[in-house]
Amino acid sequence: MEAMRKPEWLQKKVNPAAHAEMEGLLKELNLNTVCQQARCPNITECFRQRQATFLILGRACTRLCSFCSVSKEVPLPPEQGEPTAVAEAVCRLKLSHVVITSPTRDDLPDGGAGQYAETVAAIRRASPATKIELLIPDFQEDQEALKTVLASAPDILGHNLETVPRLYAIRSGADYQRSLRLLADAHRLEPELKTKSGLMLGLGEEEDELLAVFTDLVAAGCSYLSLGQYLAPSRQHYPVQRFVEPERFDRLKEQALAAGLLHVESAPYVRSSYMADRYGERPEIL
């Protein structure tokens with residue numbers, strides 16, 4: 001399928017020359033970011049503001065999602081010094097809010113939950129005032145792995161549904177109901193913890209399907225949601241089916257809030273960790 005031409009509202013420029021300071025720090029500390037690995041279009045904006053979403057547990061994923069550019073190589077064992085390095089980066093960047101995520105690591109007995117917990121602990125020791133948001137995989141619904149992460153007491157726990165149930169074939173190895181149950185279990189185990197999810201638009205979803213997902217998320221106790229435009233990383237990835245107009249993002253935000261979500265960020269360039277410190281900072285008004 002021939003790639004669709006981007007409309008005028010999707011012309012954000014990436015300027016690699018502006019990344020030098022951040023990339024130097026990441027290289028020095030041997031750290032990865034999802035900003036780089038997922039080829040995020042917001043990378044220049046975020047790196048200029050000394051913001052980054054740290055990717056722990058390596059760069060290789062054990063799943064084969066057809067929309068994602070994260071490496072599909074054989075994963076390496078977790079780096080023992082990684083939690084300390086992330087904490088040092090948080091301090092040097094003076095981050096008030098940090099997002100930590102990872103590729104899916106089905107090869108590890110705990111799915112990487114222990115590394116998440118150690119990273120949270122290291123940040124708490126080094127920068128106690130920093131709010132910590134975790135964006136976790138489904139851990140194959142391992143309750144002990146989820147409890148390990150929850151016991152580390154993050155400020156926000158995220159898990160992205162990514163798309164509507166009908167399109168889950170693009171999420172090889174994932175299951176819509178399993179992801180919903182993870183969010184519901186997190187809310188059941190820690191009712192005061194705010195949970196968060198994210199959806200990509202433009203994959204072929206219909207509006208009624210999105211409204212059903214909003215209802216499912218509220219039923220699972222989810223508080224926060226991000227809605228953004230899917231952009232195929234290359235011609236080899238799942239092709240964009242539609243470039244969603246900014247006005248439709250606005251309408252979907254209103255519908256998600258009306259469904260019962262507490263805070264929604266919805267715009268073409270929104271990503272699950274983009275401007276993450278906005279969530280919960282003020283009440284949304286329809």
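## A walk through the sheet, its helices and its cores

Four bridges join strand S7 (residues 224-229) to S8, and the two strands run parallel. This is a good place to enter the structure, which is a predicted model. Within this pair, Leu227 stands opposite Ser266 in S8. The side chains of S8 alternate: His263 and Glu265 point one way, Val264 and Ser266 point the other way, and all of them are buried.

Let us step back to the whole sheet. It is an open sheet of eight strands, ordered S1-S2-S3-S4-S5-S6-S7-S8, and its pairing is mixed. At its edges are strand S1 (32-33) and strand S8 (263-266), each of which pairs on one side only. Helix H4 (residues 82-93) packs on the sheet, where it touches strand S2 (53-55) and strand S3 (97-101). The direction of H4 makes about 165 degrees with that of S2.

Now follow the strands through the middle of the order. Strand S4 (residues 131-135) pairs with strand S5 (residues 156-158) in the parallel sense, over three bridges. Here Leu134 has Leu157 of S5 as its bridge partner. On the next step, S5 and S6 also pair in the parallel sense over three bridges, and Ile156 has its bridge partner in S6, namely Lys194.

How covered is S6? Seven of its eight residues are buried, so S6 is mostly covered. Have a look at Gly198, which lies in this strand, S6 (residues 194-201). Gly198 counts as buried because its relative accessibility is 2%, and buried means under 20%. Which residues does Gly198 touch, leaving aside those up to four places away in sequence? They are His159, Asn160, Leu161, Glu162, Leu225 and Ser226. You can also relate Gly198 to the edge strand S8: Gly198 and Val264 are 66 residues apart in sequence, and their C-alpha atoms are 9.6 Å apart in space.

Next come two helices that pack together. Two packed helices are described by the angle between their axes and by the distance between those axes. For helix H7 (residues 176-189) and helix H8 (residues 207-219), the angle is about 35 degrees and the axes are 9 Å apart. H7 brings Tyr176, Leu180 and Leu183 to the contact, and H8 brings Val213, Asp216 and Leu217. Sorted by class, this contact has five nonpolar residues, no polar ones and one charged residue.

From here we can turn to the nonpolar cores. The largest has 39 residues, and the members that touch the most others are Phe54, Ile100, Tyr116, Leu134, Ile136 and Leu157. Leu134 and Leu157 are the bridge partners we met between S4 and S5. Several elements give two or more residues to this core: helix H1 (20-29), helix H3 (43-48), H4, S3, helix H5 (113-126), S4, helix H6 (143-151) and H7. Which element gives the most? H4 does, with six residues. There is also a second, separate core of 34 residues, which includes Val213, Val240, Phe243 and Phe249. Val213 is familiar from the contact of H7 with H8.

Tyr116 deserves a closer look. Not counting residues up to four places away in sequence, Tyr116 touches Ile56, Leu57, Ile100, Thr101, Ser102, Leu134, Leu135, Ile136, Pro137, Phe139 and Val149. Two of these contacts, Leu57 and Phe139, are worth a visit for their backbones. Leu57 is found in the loop between S2 and H4, and it has a positive phi of about 65 degrees although it is not a glycine. Phe139 lies in the loop between S4 and H6; its phi is likewise positive, at about 55 degrees, and Phe139 is not a glycine either. Are these residues buried or exposed? Leu57 counts as buried because its relative accessibility is 3%, and Phe139 counts as buried because its value is 6%.

Finally, let us check the cysteines. How many disulfides are there? The count comes to zero, with a disulfide taken as a pair of cysteine sulfur atoms within 2.5 Å. For Cys35, the nearest cysteine sulfur is that of Cys46, 6.2 Å away, so Cys35 is in no disulfide. Cys35 counts as buried because its relative accessibility is 9%. Cys91 is in no disulfide either, and its nearest cysteine sulfur, that of Cys35, is 18 Å away. At 32% relative accessibility, Cys91 counts as partly exposed.

Definitions and conventions. Residues are numbered from 1 along each chain as its sequence is written. This is a predicted model: local features need pLDDT of at least 70, side-chain atom pairs count only at pLDDT 80 or more; totals for chains, interfaces and linings use all residues. Side-chain values use heavy atoms; hydrogens and water are left out. Two strands pair if DSSP finds at least two bridges between them. Contact means heavy atoms within 4.5 Å. Axes are lines fitted to C-alpha atoms, for helices over the stretch in contact, and angles run from 0 to 180 degrees between N-to-C directions. Buried means under 20% relative accessible area, exposed over 50%, partly exposed in between (1.4 Å probe, protein chains only). Ala, Val, Leu, Ile, Met, Phe, Trp, Tyr, Cys and Pro count as nonpolar, Asp, Glu, Lys and Arg as charged, and the others, Gly among them, as polar. A nonpolar core is a set of buried Ala, Val, Leu, Ile, Met, Phe, Trp, Tyr and Cys residues joined through side-chain atoms within 4.5 Å.
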